[in-house]
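Please open the structure in your viewer and keep the sequence panel visible beside it. The tour below proceeds by selections, each followed by a description of what is found there.

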Amino acid sequence: METTNRHVMTGSWPQLAILLGGDAMVFVAFALLGRSSHGLADENPLVAAVRVALPFFIGWLLVAPWFGVFRPQPSLRMAGLSLGAWLIALPIGFGLRWLQLGRSSPFSFALVTFLTVAALLLIWRGAYSWWLARRG
């Protein structure tokens, strides 16, 4: 698929689906890790994780295309673009979370959220970019 906005995506629909699916799994994994580290088991863990992850994933989806992270990139470039996009998406995610909960979150939660999701995104997107490069 090619679009007139070079920043959004130039690649195939399957690549876009893989990137979006992998990104969604990163945000759900972040939420599952957080809930388990706090011993929260009051409801279905997957439903709770999706509820926690959703504001951050929406923020990511609003910002990431403008950084070009949905097009094939070399691994190091993908890492830098993903970190930049996440840095901008994080406050949007917290704003949406504030709307969802009706209260703000502590700075420590913001810091852990940033670092955890950044690490997971770097691992996932770096590995995918590396794999695409190896395929030729």
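The tour begins with the whole chain, continues with helix pairs and aromatic rings, and ends with single residues.

**The whole chain**

Begin with the entire chain shown as a cartoon, and bear in mind that this is a predicted model. The protein chain has four helices and zero strands, and its pattern along the sequence is α-α-α-α. Of the 136 residues in the protein chain, 36% are buried. Now switch on the surface: the accessible surface of the protein chain amounts to about 7,700 Å², and carbon and sulfur atoms account for 71% of that area. Consider also how the chain meets itself. Among contacts between residues at least 6 apart in sequence, 68% join residues that are at least 24 apart.

**Helices α3 and α4**

Next, select residues 75-101, which form helix α3, together with residues 107-135, which form helix α4. How do the axes of α3 and α4 cross, and at roughly what angle? The two axes come within 9 Å and cross at roughly 145°, and the crossing of α3 past α4 is right-handed.

Show the side chains where the two helices meet. On the α3 side, the contact includes S75, M78, W86, L90 and F94; on the α4 side, the residues include F109, T113, V117, L121 and R125. The residues of this contact comprise 15 nonpolar, five polar and two charged.

**Helices α1 and α4**

Keep α4 in view and add α1, which covers residues 13-37. The axes of α1 and α4 come within 10 Å and cross at roughly 150°. This crossing, too, is right-handed. Among the α1 residues that make the contact are L19, D23, F27 and F30, while α4 contributes residues including T113, V117, W124 and R125. The contact of α1 with α4 consists of 14 nonpolar, four polar and two charged residues.

**Aromatic rings**

Now display the aromatic side chains; the structure holds 10 aromatic pairs. Select F30 and F56. Why is the pair of F30 and F56 called edge-to-face? The ring centres lie 5.9 Å apart and the planes stand at 90°, so the pair falls into that class, which requires planes over 60 degrees apart. F30 belongs to helix α1 and F56 to helix α2 (residues 45-63); the two are 26 residues apart, and the pair thus links distant parts of the chain.

Are F30 and F56 buried or exposed? F30 has 5% relative accessibility and counts as buried, and F56 is buried as well, with a relative accessible area of 0%. Then add F27, F57, W60 and W86, which ring pairs link into a cluster.

**T113**

Select T113, which is found in helix α4. T113 has 1% relative accessibility, so this residue counts as buried, the limit being under 20%. Apart from its neighbours within four places in sequence, which residues does T113 contact? They are F30, F56, W86, L90, F94 and A118. Two of these names, F30 and F56, belong to the edge-to-face pair visited above.

**R125**

Move along the helix to R125, which also lies in α4. R125 is buried, with a relative accessible area of 1%. Leaving aside neighbours within four places in sequence, R125 is in contact with L19, D23, W60, V69, F70, M78 and S82. To inspect a separation, pick the C-alpha atoms of R125 and S75: they are 7.6 Å apart in space, although the residues are 50 residues apart in sequence.

**G59 and G34**

Turn to G59, which lies in helix α2 and is buried, with a relative accessible area of 0%. Beyond its neighbours within four places in sequence, G59 is in contact with A89, I92, G93 and L96. The C-alpha atoms of G59 and F94 are separated by 8.4 Å, with their positions 35 residues apart along the chain.

Finish at G34, in helix α1. With 24% relative accessibility, G34 counts as partly exposed. Pick G34 and T116: their C-alpha atoms are separated by 9.4 Å, and the two residues are 82 residues apart along the chain.

Technical notes
Residues are numbered from 1 along each chain as its sequence is written. This is a predicted model: local features need pLDDT of at least 70, side-chain atom pairs count only at pLDDT 80 or more; totals for chains, interfaces and linings use all residues. Side-chain values use heavy atoms; hydrogens and water are left out. Axes are lines fitted to C-alpha atoms, for helices over the stretch in contact, and angles run from 0 to 180 degrees between N-to-C directions. A crossing is left-handed if the near helix is turned anticlockwise from the far one by less than a right angle, and right-handed if clockwise. Contact means heavy atoms within 4.5 Å. Ala, Val, Leu, Ile, Met, Phe, Trp, Tyr, Cys and Pro count as nonpolar, Asp, Glu, Lys and Arg as charged, and the others, Gly among them, as polar. Rings of Phe, Tyr and Trp (its six-membered ring) pair if their centres lie within 6.5 Å; planes under 30 degrees apart count as stacked, over 60 as edge-to-face and the rest as tilted. Buried means under 20% relative accessible area, exposed over 50%, partly exposed in between (1.4 Å probe, protein chains only). Accessible areas come from the Shrake-Rupley method with a 1.4 Å probe; for residues, only the protein chains shown count as cover.
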